[in-house]
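Here are my notes for your first read-through. Keep the structure open beside them and find each residue as you go.

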Amino acid sequence: MSDNQQSKSKDPVDPKALSVVLALTIFEFEIFTHARGLVNIAKHDTLIVILLGGSLLLLLTVLLVKLARRFPGENFFQYSQKIWGKPIAYGIIAAYLFYFYSFMVLLFQDFSDANRLLFLQQTPPFIPMILFGVGAIWLASYGFSAIVRFFQMVFPGFAILMLAILILGIREVKLANYFPLFSQGIKPILHGAIVYVGIIQGVEILLFLTPFLKDQDKILKPAIWGILPAVFFMLFASLNAIGVLGVENTLEFVYPGVALLSVVEFPGFTVERFELLLTLPWLVAIFTTMCVYIYLLANGLIELFGLKRKKVTITLVTAAIIGSTYLIPNLTWMLFLRERFGYFTLFFVAVIPALTLLLAVIRGKEGRGIG
């Protein structure tokens with residue numbers, strides 16, 4: 001490929017930037033709406049589910065880093081051919097590209113549904129999707145280094161607003177809403193922990209971004225620090241949702257995070273609608289995730305088919321994603337597909353990487369380093 005190789009040689013990225021890239025890639029629509037699905041499975045034990053699921057996610061991160069570091073200077077699509085052999089590897093690559101594509105279709109549709117419900121009720125849904133798509137095309141066309149610089153620029157403001165969202169709900173929390181614990185037994189907790197790992201789309205980008213970094217030996221700590229913000233946010237967001245709304249009410253709302261901020265009140269304070277604070281970080285989180293996945297999808301196609309026109313490929317990929325959102329008929333279908341997609345995700349963030357690492361060890365396959 002030569003786009004990946006050119007990018008990494010011309011403008012390698014400091015491994016510390018991986019923390020920001022991971023955090024802003026993982027934070028997307030479902031991070032703000034996860035509480036309803038987990039509460040539906042585990043009820044009052046949702047907090048235990050997130051702690052257990054977060055621990056599994058950190059172990060998975062170590063596994064992904066171990067696999068990526070075994071082949072320095074190469075991405076997963078390149079070294080999977082050495083490990084699996086070309087026929088099987090091409091099938092795996094095609095599956096990953098379909099996964100990236102499906103995720104983007106769901107994310108654009110999530111963005112459209114939430115816009116229609118919360119913000120731009122009278123605006124045709126394709127208009128905000130096209131605006132976001134054009135922005136993603138523009139940024140992704142400049143390469144991974146440009147994406148990293150943009151992420152570093154927006155992250156401080158994003159982090160401040162996310163902290164504000166969490167702090168606002170603390171005043172309304174009722175401790176009684178967290179009990180009784182373990183009322184459902186251990187099975188829902190284990191089930192919820194597995195679902196939790198499937199919710200975290202984004203950790204698998206570790207398999208594709210390491211060739212752009214200056215030193216692949218120093219990526220474990222930045223990777224862990226990139227995962228932890230999502231784990232802590234989901235923990236405290238669920239604490240607030242259950243503590244303020246209660247288990248039963250959390251299940252009633254499609255978007256518990258928005259509902260939580262709508263019931264927060266500060267007597268005498270000039271701002272009355274705190275749910276509007278969610279708008280900017282929500283939009284930033286969705287846009288940054290779109291940029292990374294559109295970039296990965298387009299460059300995967302460029303590598304697989306030997307395409308030459310990078311910007312044209314990115315544009316066509318984005319147009320195809322936006323067009324495919326019209327295949328999802330309504331919000332009910334959207335919620336159904338999102339729930340199933342979490343299980344689909346497990347194959348690409350856990351099962352396939354784990355099997356690939358195991359096979360690489362058995363067959364003694366590893367890279368030669370960066371020349």
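1. Start with a buried loop residue. Phenylalanine 212 has a relative accessible area of 2%, so it counts as buried. Its place is the loop between helix 10 (206-209) and helix 11. Now look for proline 12. The two residues are 200 apart in sequence, yet their C-alpha atoms are 5.4 Å apart in space.

2. Keep in mind that this is a predicted model. The chain has 371 residues, and buried residues make up 55% of them. Its secondary structure comes to 15 helices and 0 strands. Take the contacts between residues at least 6 apart in sequence: 86% of these join residues at least 24 apart.

3. Next, the nonpolar core. The largest one holds 111 residues. Which of its members touch the most other members? They are Phe76, Tyr96, Phe100, Tyr196 and Met290. Tyrosine 96 is a good one to inspect. Leaving aside neighbours within four places in sequence, tyrosine 96 is in contact with Phe76, Phe77, Leu207, Phe208, Phe348, Ile352 and Pro353.

4. Turn to helix 4 and threonine 61. This threonine lies in helix 4, which spans residues 46-70. Is threonine 61 buried or exposed? Its relative accessible area is 0%, so threonine 61 is buried. Its side chain reaches the backbone oxygen of leucine 57 at 2.8 Å. Beyond its neighbours within four places in sequence, threonine 61 is in contact with Val203, Leu206, Ala223, Ile224 and Ile227.

5. Now pair helix 4 with helix 11. Two packed helices are described by the angle between their axes and the distance between the axes. Helix 11 covers residues 220-252. The axes of helix 4 and helix 11 come within 10 Å and cross at roughly 165°. The cut-off for roughly antiparallel is an angle over 145 degrees, and helix 4 and helix 11 are therefore roughly antiparallel to each other. Their crossing is right-handed. Thr61 belongs to the contact on the helix 4 side, and other helix 4 residues there include Leu47, Gly54, Leu58 and Arg69. Helix 11 contributes residues including Ala223, Ile224, Ile227, Met234 and Ile242.

6. Helix 4 also packs against helix 9, residues 187-199. Here the axes come within 8 Å and cross at roughly 50°. Helix 4 and helix 9 are therefore oblique to each other. This crossing is right-handed. On helix 4, the residues in contact include Ile48, Leu52, Gly53 and Leu60. On helix 9, they include Pro188, Gly192, Ala193 and Tyr196. Tyr196 is also one of the core residues named in point 3.

7. Helix 11 has another partner, helix 2 (residues 17-26). These two pack at an angle of about 30°, with their axes 7 Å apart. That angle makes helix 2 roughly parallel to helix 11. Helix 2 passes helix 11 in a right-handed crossing. Leu18, Ser19, Leu22, Ala23 and Ile26 are the helix 2 residues that meet helix 11. Among the helix 11 residues they meet are Trp225, Gly226, Pro229 and Ala230.

8. Zoom in on alanine 230. This residue is found in helix 11. Its relative accessibility is 0%, so alanine 230 counts as buried. How many residues separate alanine 230 and isoleucine 26 in sequence? The answer is 204, while the C-alpha to C-alpha distance is 7.0 Å. Not counting residues up to four places away in sequence, alanine 230 touches Ile26 and Phe27.

9. Check a charged side chain as well. Arginine 338 sits in helix 15, residues 331-363. It has 6% relative accessibility, so arginine 338 counts as buried. A polar contact of 3.5 Å joins its side chain to that of glutamine 201.

10. Finish with a backbone angle. Most residues other than glycine have a negative phi. Lysine 43 is not a glycine, but its phi is positive, at about 55°. Where is lysine 43 placed? It is in the loop between helix 3 (29-42) and helix 4. With a relative accessible area of 24%, lysine 43 is partly exposed.

Note on methods
Residues are numbered from 1 along each chain as its sequence is written. This is a predicted model: local features need pLDDT of at least 70, side-chain atom pairs count only at pLDDT 80 or more; totals for chains, interfaces and linings use all residues. Side-chain values use heavy atoms; hydrogens and water are left out. Buried means under 20% relative accessible area, exposed over 50%, partly exposed in between (1.4 Å probe, protein chains only). A polar contact is a pair of N or O atoms within 3.5 Å; within protein, one must be able to donate a hydrogen and the other to accept it, and residues adjacent in sequence count only if both atoms are side-chain atoms. Contact means heavy atoms within 4.5 Å. A nonpolar core is a set of buried Ala, Val, Leu, Ile, Met, Phe, Trp, Tyr and Cys residues joined through side-chain atoms within 4.5 Å. Axes are lines fitted to C-alpha atoms, for helices over the stretch in contact, and angles run from 0 to 180 degrees between N-to-C directions. Angles under 35 degrees count as roughly parallel, over 145 as roughly antiparallel, 65 to 115 as roughly perpendicular and the rest as oblique. A crossing is left-handed if the near helix is turned anticlockwise from the far one by less than a right angle, and right-handed if clockwise.
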